[in-house]
Amino acid sequence: MAFESLSDKLSSVFKKLRGKGKLTEQDIKEAMREVRMALLEADVNYKVAKDFIADVTQRAMGQEVMESLTPAQQVIKIVNEELTRLMGGDEAARIHIKSKPPTIIMMCGLQGAGKTTHCAKLAKRFLKEGHRPLLVACDIYRPAAVDQLCVVGAQAGAPVFKLDGAKPEEIARRAVMHAKDHGNDIVILDTAGRLHVDEELMAELGRIKQTVPVDETLLVIDAMAGQDAVNVAKSFGESTGLDGVILTKLDGDTRGGSALSVRAVTGKPIKFAGVGEKLDDLEVFHPARMASRILGMGDVLTLIEKAQDTADAKKAEETARRLMENKFDMNDMLDQLAQLKKMGGAGALVSMLPGLAGKVDMDEINESKAFVHIEAIIQSMTPAEREKPSIIDPKRKRRIAAGSGTKVEDVNRLLRQFEQMSKMMKQLKKNPKKFGRGGFGR
Ligand code: GDP
């Protein structure tokens, strides 16, 4: 997975800082020099790395860190926020689907970047969301490309429009008419790729855009090409006008430099990341989640979403069973919290755990900041501790707090809440009537 070595290096820099207690300017400078080296080794664009370090240093030298009780944690917090900002900010960039169909998406990119595969990945995703996408074969130079689109289109379950002997812009025009006639609300144009960026390719994309009202021009780039991919994005952005980037093969990219540089170099957001060859291997690119992956805090939300896509019912059943058997542990708690957060309210959790309404202080964990803490704390525990939190001694509490960027009080509070929940479960099992109708699983 991407960012492995960057994660390792950053974590050793922060470990050194943690060991120091109060930080001097020299400590911060030294740490930032190491972070900069780590970024450059991850193939982050030179200027991007330089600006990043300047921003983080400026903030880290400020009062919020120097006067803080836990300076190292403040530095990690700043790096986390700046990494998120570097990749596009808190909100993931989405594709805007127009209320008046069809929304036209033009996919472009160099040969081999993964364009055709990602046309089908997007189509599959849109189908799941209840849309009716139409894939369009606009690559007239390689018959094999048209055949490939037909194959992956069929795998995704989306129709493919093709037209022999016509120019790409004519194919696009006819496809849009076809979509209107057949109720396809999204049209995905798979355009020709070349071995390198050339004028002819740009002119062709320009003609398509003049012929049909393209809503979204997405550039597909290969993460494994590192800074070359970023340069491709820059040239495309300058001549074609882009709305966003799909960064493919992130699964094979151990460095992650392109993910960290694209936004800053091109000004365009990464909207999706390709993480494998299968059609389901597509993730919405969430800068904040990526940042927490890089900092080794895990990306629980994306994992949970994946689990929900594939095994939602099974998982819910499993949780219910574990509850019945009094085996509910902190892993389950983590799952429940992530789901709750996704659903956006305590009501959802309470309705899954009948009897708990009004008995546990849900407001406290319902604030998203608290969620982030809880997730981080549980992530910092060992598997054995998550299964049996009572084994956590004061020394481990301190380590867990340090590892999760929280305070020992936060860890204690969470453990108390968990204990409270476990007690409720036991009572509920003994005396279901006391907690109202139904009991579990109904
Ligand atoms: P195109 O020439 O840009 O249309 O590229 P293709 O869609 O034909 O993809 C080129 C190769 O990259 C194929 O072998 C794909 O299976 C592979 N590929 C595409 N996306 C990904 C990805 O996200 N991860 C991995 N590991 N392979 C990918």
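Here is a short walk through this structure, from the whole chain to the strands and then to the ligand.

Keep in mind that this is a predicted model, where local features need pLDDT of at least 70, side-chain atom pairs count only at pLDDT 80 or more, and totals for chains, interfaces and linings use all residues. Residues are numbered from 1 along each chain as its sequence is written.

Let's start with the overall picture. The protein chain contains 20 helices and eight strands; helices (H or I, at least four residues) and strands (E, at least two) are DSSP runs, numbered from the N terminus. Of its 442 residues, 42% count as buried. Buried here has a precise meaning: 20 or more other C-beta atoms lie within 10 Å of the residue's own, with C-beta atoms placed from the backbone.

Now find strand 6 (residues 244-248). Five of its five residues are buried, and both faces are covered, with G244, I246 and T248 on one side and V245 and L247 on the other. What does strand 6 pair with? Strands pair if DSSP finds at least two bridges between them. Strand 5 (residues 216-222) runs parallel to strand 6 and is joined to it by five bridges; V220 has I246 as its bridge partner there. Strand 6 is also parallel to strand 7, with three bridges between them, and L247 stands opposite A273.

How does the chain travel from one of these strands to the next? Strand 5, helix 10 (residues 226-239) and strand 6 form a right-handed β-α-β unit. Another right-handed unit of this kind is made by strand 6, helix 11 (residues 257-266) and strand 7. Right-handed means that, with the strands pointing away from the viewer, the path from the first strand over the helix to the second runs clockwise.

Strand 7 (residues 270-274) is mostly covered too, with five of its five residues buried. It pairs in the antiparallel sense with strand 8 (residues 282-284) over three bridges, and F272 has V284 as its partner in strand 8.

Finally, look at the ligand. Which residues are closest to it? Among the 20 residues that surround the ligand, the closest are G114, K115, T116, T117 and G274; a residue is near a molecule if its C-beta atom, placed from the backbone, lies within 6 Å of it. Helix 6 (residues 115-128) gives the largest share of this shell, three residues.

How values were computed: A residue is buried if 20 or more other C-beta atoms lie within 10 Å of its own, exposed if 12 or fewer, and partly exposed in between; C-beta atoms are placed from the backbone.
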